[in-house]
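Thank you all for coming. Please have a look at the sequence and the structure on the screen, and then we will walk through a few places in it together.

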Amino acid sequence: MDTKMDQSNPVEVTRLGARGDGIADGPDGPIYIPFSAPGDLIRVLKTASRGDGKVAVQSELVSSGAGRTDPPCPHFGTCGGCSLQHVSVDLIAAFKREMLADALSKRGFTDIDVAETVSVPAGTRRRARLSCIKTIKGWVIGFNERGTNRITGIEGCLILSPALTALLPGLKKLLNDLPSMGRGGDIQLTEGSSGVEAVLFPEKPKDLTLDERYLLTDWAEENDLSRLVWQDRSGADPVVERRPFVLRIKGATLAPPAAAFLQASEDGEEAIVERALTAAKGARRVADLFCGCGTISLPLAAAGHSVHAVEIDRALLAAVQRMGGGNVTIEARDLARSPIPTADLAPYDAVVFDPPRAGAADQATEIAASTVPTVVAVSCNPATLARDLRILADGGYHIESVTPIDQFTWSSHLEAVAVLRRED
Ligand SMILES: C[S@@+](CC[C@H](N)C(=O)[O-])C[C@H]1O[C@@H](n2cnc3c(N)ncnc32)[C@H](O)[C@@H]1O
């Protein structure tokens, strides 16, 4: 239920919260104030309950804090893609580092020296899933608005790489002539080393007509795409592959299947892989768990390690095997239901794990009881990372380093890499 606040007393924003909202301490607990920055004085006009406090649903900026900056994008505030454009880059880096330190301290790690944030600049995001909807005024393509299903139409986007942004205006025209797209769906764009992959996901399964195939093929040609894929619930239809879609990283080549998981930016990927390679130096046998299409496995193999790559998705594994040569073995396995048991980890000199947001508590428990000398934990969720590190530390691992990698510019998301060594 909304409540009116005393409007005469502005409150001071002292910090940023996990969702990127500014937080002020009110008389009844924290007040979360969207789009505010530390140091701001804010008059809160209307609130609603949220968690341990309140969220401001109507507020007025009285004066700006030192960390506030002008948001560069005209869509900021409505488009749900970014929540932190109004905060300076330095402050965002400090906030992300603190966010990781906080998550760790909640699990009892109070004396860990979290490394400086590796910040990936705007304009370098190489992978985006856009929503699209047909309206009476034409197609709208963009990201969902914050907290709603509405789509903010965008003509450009400051977080995406120039190659992806350049495709946005032409996409609208393309959809006009593509009846099989129905009333809407998603479009995933990924920039690889051989050009852009575009994957169209219609809301409802539909076979393309011959004319639509010609249209899409011409569009791929005009825009020099690497490949264009039509993907509905019945499967992926590779309409055109003008050049094999590949990504090159640290002496390795990845050949992901359509719309495969990839790290959001090349710089972020490089920061992760570099840390895994450094940590694994001297290790002969390495297990890469939740390996995806080989982002970490293949550079490890290229560096001469013998890699066992494990993943639930067989299409991704097939891509790892195809590109890995003799240094890589693969295993299809659901690591959440059936983690690799401690005894089977004995042959490895290092284990890398990079699970989805839920983390890998059961797998961490098996590793914690093992004799593996080195563990590298990669995660996009500080809370589950901290939980998994606690399991490993209780099993006798020492955290050598933890690095926040901010490859989700202007959002409150965070990637991180931790390196652990067995103490005894
Ligand atoms: C965050 S991605 C990491 C992929 C890869 N390491 C990379 O950097 O590109 C997580 C991967 O875990 C896989 N995965 C999800 N649930 C899984 C499970 N229960 N068992 C094994 N793999 C799983 C996903 O298919 C995805 O490839």
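Which residues does cysteine 380 touch, if we do not count residues up to four places away in sequence? Keep in mind, as you look, that this is a predicted model. With those neighbours set aside, cysteine 380 touches Arg357, His413 and Glu415. I start with this residue because the unreviewed UniProt entry lists Cys380 under "active site", and it sits in the loop between E21 and helix H10, the helix that covers 382-394. Is cysteine 380 buried or exposed? It has 20 other C-beta atoms within 10 Å, and a residue is called buried at 20 or more, so cysteine 380 counts as buried.

Let me stay with E21 for a moment. Strand E21, residues 374-379, is joined to strand E23, residues 415-422, by six bridges, and the two strands run antiparallel. If you want one pair to find on the screen, take valine 378, whose bridge partner in E23 is valine 417. Both strands belong to an open sheet of eight strands, which in order reads E7-E22-E23-E21-E20-E17-E18-E19, with mixed pairing. The edges of this sheet are strand E7 (118-119) and strand E19 (328-332), each of which pairs on one side only.

Further along that order we come to E17 and E18, which run parallel and are joined by five bridges. Here valine 286 has valine 307 in E18 as its bridge partner. E17 is mostly covered, since four of its five residues are buried.

Now we turn to the binding site. The UniProt annotation with that name, again from an unreviewed entry, covers Gln263, Phe290, Glu311 and Asp354. I will take two of these in turn, beginning with phenylalanine 290, which lies in the loop between strand E17 (285-289) and helix H6 (297-302). Phenylalanine 290 has 23 other C-beta atoms within 10 Å and is therefore buried. Setting aside residues up to four places away in sequence, phenylalanine 290 touches Glu311, Leu335, Phe353, Asp354 and Pro355, and you may recognise Glu311 and Asp354 from the annotation.

The other one is glutamine 263, in the loop between strand E16 (252-254) and helix H5 (266-279). Glutamine 263 is buried as well, because 26 other C-beta atoms lie within 10 Å. Its contacts, leaving aside neighbours within four places in sequence, are Gly268, Glu269, Ile272, Thr295 and Gln407. Within H5, the buried residues include Gly268, Glu269 and Ile272. How far apart are the end C-alpha atoms of H5? They are 20 Å apart, which agrees with the 20 Å that its 14 residues should span at 1.5 Å a residue.

What surrounds the ligand? There are 18 residues around it, and the closest are Phe290, Gly292, Thr295, Ile312 and Ala336. By character, this shell divides into eleven nonpolar, three polar and four charged residues.

One of those closest residues, isoleucine 312, deserves a separate look. Isoleucine 312 is placed in the loop between strand E18 (306-311) and helix H7 (314-324). It has 14 C-beta neighbours inside 10 Å, so isoleucine 312 counts as partly exposed. Apart from neighbours within four places in sequence, isoleucine 312 is in contact with Ala332, Arg333 and Asp334. To get a feeling for distance on the screen, you can look from isoleucine 312 to serine 88, which is 224 residues away along the chain, and whose C-alpha atom is separated from that of isoleucine 312 by 39 Å.

Finally, I would like to show you two hairpins that follow one another. In the one that comes earlier in the numbering, strand E8 (residues 127-135) and strand E9 (residues 138-144) run antiparallel and are joined by five bridges, with two residues between the strands. Within this pair, isoleucine 133 stands opposite valine 140 in E9. E9 also pairs in the antiparallel sense with strand E10 (residues 151-153), over three bridges, and there the bridge partner of asparagine 144 is isoleucine 151 in E10. Between E9 and E10 the hairpin has six residues, and here glycine 147 takes a positive phi near 70°.

Definitions and conventions: Residues numbered from 1 in each chain as written. Predicted model: local features only at pLDDT ≥ 70, side-chain atom pairs only at ≥ 80, totals over all residues. UniProt positions renumbered as here; feature names shortened; annotations may be inferred. Buried ≥ 20, exposed ≤ 12 C-beta atoms within 10 Å, placed from the backbone. Contact = placed C-beta atoms within 7 Å. Near = placed C-beta within 6 Å. Nonpolar A, V, L, I, M, F, W, Y, C, P; charged D, E, K, R; others polar. Expected span 1.5 Å × (residues − 1). Pairing = 2+ DSSP bridges.
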